[in-house]
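Below is a short note for a colleague who has not seen this model before. It goes through the points in the order in which they are easiest to follow.

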Amino acid sequence: MMGIFCCKNKPQRAGRAVDMTASIDEQIARKRAAADKQAARAAALKKELRDLERKKAAAERKARTHRLVEVGAILEQTAGMTFDTEDSRRALSVALTEELRYTDGTPFTRGGQIAETVNMLLGDRK
């Protein structure tokens, strides 16, 4: 009987609502899975970035250490002595940083003189 009070369309609507709810739940699940996948990828990228930064810092430390050893060797060779005690290294530091004065009263340090001479030899006058 097809009357005003027929219920044929109601189950379909209810079915559609259930289908839509299931479809929305599936969409939510897919979006969550995608978000989790992106979060995992972001975490992996952050770890790779940290690893690269650590590798760069280690390489810079190694280069600095090598440079300091070379400069120290040159200094010991030219000074004709080793700076193998804390007292000798402290005395070297004082000798290089002690403020002295030229005869005209201009202040200078031995370390500054060395730096100026090296810059002149390299052609990097500042």
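1. A pocket here is an open set of grid points with protein on both sides within 12 Å along at least five of seven lines, and a lining residue has an atom within 4 Å of a point. The model is predicted. With that in mind, the largest pocket has a volume of about 360 Å³.

2. Which residues line the largest pocket? The lining consists of Leu68, Val71, Gly72, Ile74, Leu75, Glu76, Thr78, Phe83, Leu92, Leu96, Gly111 and Ile114. By class, 8 of the lining residues are nonpolar, 3 are polar and 1 is charged.

3. Three helices each supply at least two residues of this lining: α1 (9-79), α2 (86-97) and α3 (110-122). The largest share, 7 residues, comes from α1.

4. Helix α2 also holds Ser88. Is Ser88 buried or exposed? Ser88 counts as buried because its relative accessibility is 14%, and the cut-off for buried is under 20%. A polar atom of the Ser88 side chain lies 3.5 Å from the backbone nitrogen of Asp84.

5. On charged pairs, a general remark comes before the cases. Side chains of opposite charge can pair when their charged atoms come close. The structure holds 8 salt bridges, and the next points take up some of them.

6. One of the salt bridges lies within helix α2, where the side chains of Arg89 and Glu86 meet at 3.4 Å, N to O. Both residues belong to α2 and are 3 residues apart, about one turn of the helix. Arg89 has a relative accessibility of 39% and so counts as partly exposed. Glu86 is likewise partly exposed, because its relative accessible area is 48%.

7. Where do the partners Arg110 and Glu98 lie in the chain? Arg110 forms a salt bridge with Glu98, and the closest N and O atoms are 3.3 Å apart. This pair links distant parts of the chain, with Arg110 in helix α3 and Glu98 in the loop between α2 and β1 (100-101), 12 residues apart. Arg110 counts as partly exposed at 35% relative accessibility, and Glu98 counts as partly exposed at 36%. Elsewhere, Lys47, Asp51 and Arg54 are joined into one network by salt bridges that share partners.

8. A further salt bridge joins the side chains of Glu48 and Arg41, at 3.9 Å from N to O. The cut-off for a salt bridge is within 4 Å, so this distance qualifies. Glu48 counts as partly exposed, with a relative accessibility of 41%. Arg41 is also partly exposed, at 47%.

9. How many aromatic pairs does the structure hold? There is 1 aromatic pair. Tyr102 and Phe108 form this pair, with 4.1 Å centre to centre and 25 degrees between the planes. The pair is stacked, because planes under 30 degrees apart count as stacked.

10. The two partners of the aromatic pair fall into separate accessibility classes. Tyr102 has a relative accessibility of 36% and therefore counts as partly exposed. Phe108 is buried, because its relative accessible area is 17%.

Terms used:
Residues numbered from 1 in each chain as written. Predicted model: local features only at pLDDT ≥ 70, side-chain atom pairs only at ≥ 80, totals over all residues. Heavy atoms only, no water. 1 Å grid on protein atoms, 1.4 Å probe; cavity = no way out; pocket = protein on both sides within 12 Å on 5 of 7 lines; lining within 4 Å. Points joined across faces, edges and corners; volume = space filled by probe spheres on them. Helix = DSSP H or I, 4+ residues; strand = E, 2+ residues; numbered from the N terminus. Nonpolar A, V, L, I, M, F, W, Y, C, P; charged D, E, K, R; others polar. Phe/Tyr/Trp six-rings, centres within 6.5 Å; stacked < 30°, edge-to-face > 60°. Buried < 20%, exposed > 50% of the residue type's maximum accessible area, 1.4 Å probe, protein only. Polar contact = N/O pair within 3.5 Å; in protein donor to acceptor, adjacent residues only side chain to side chain.
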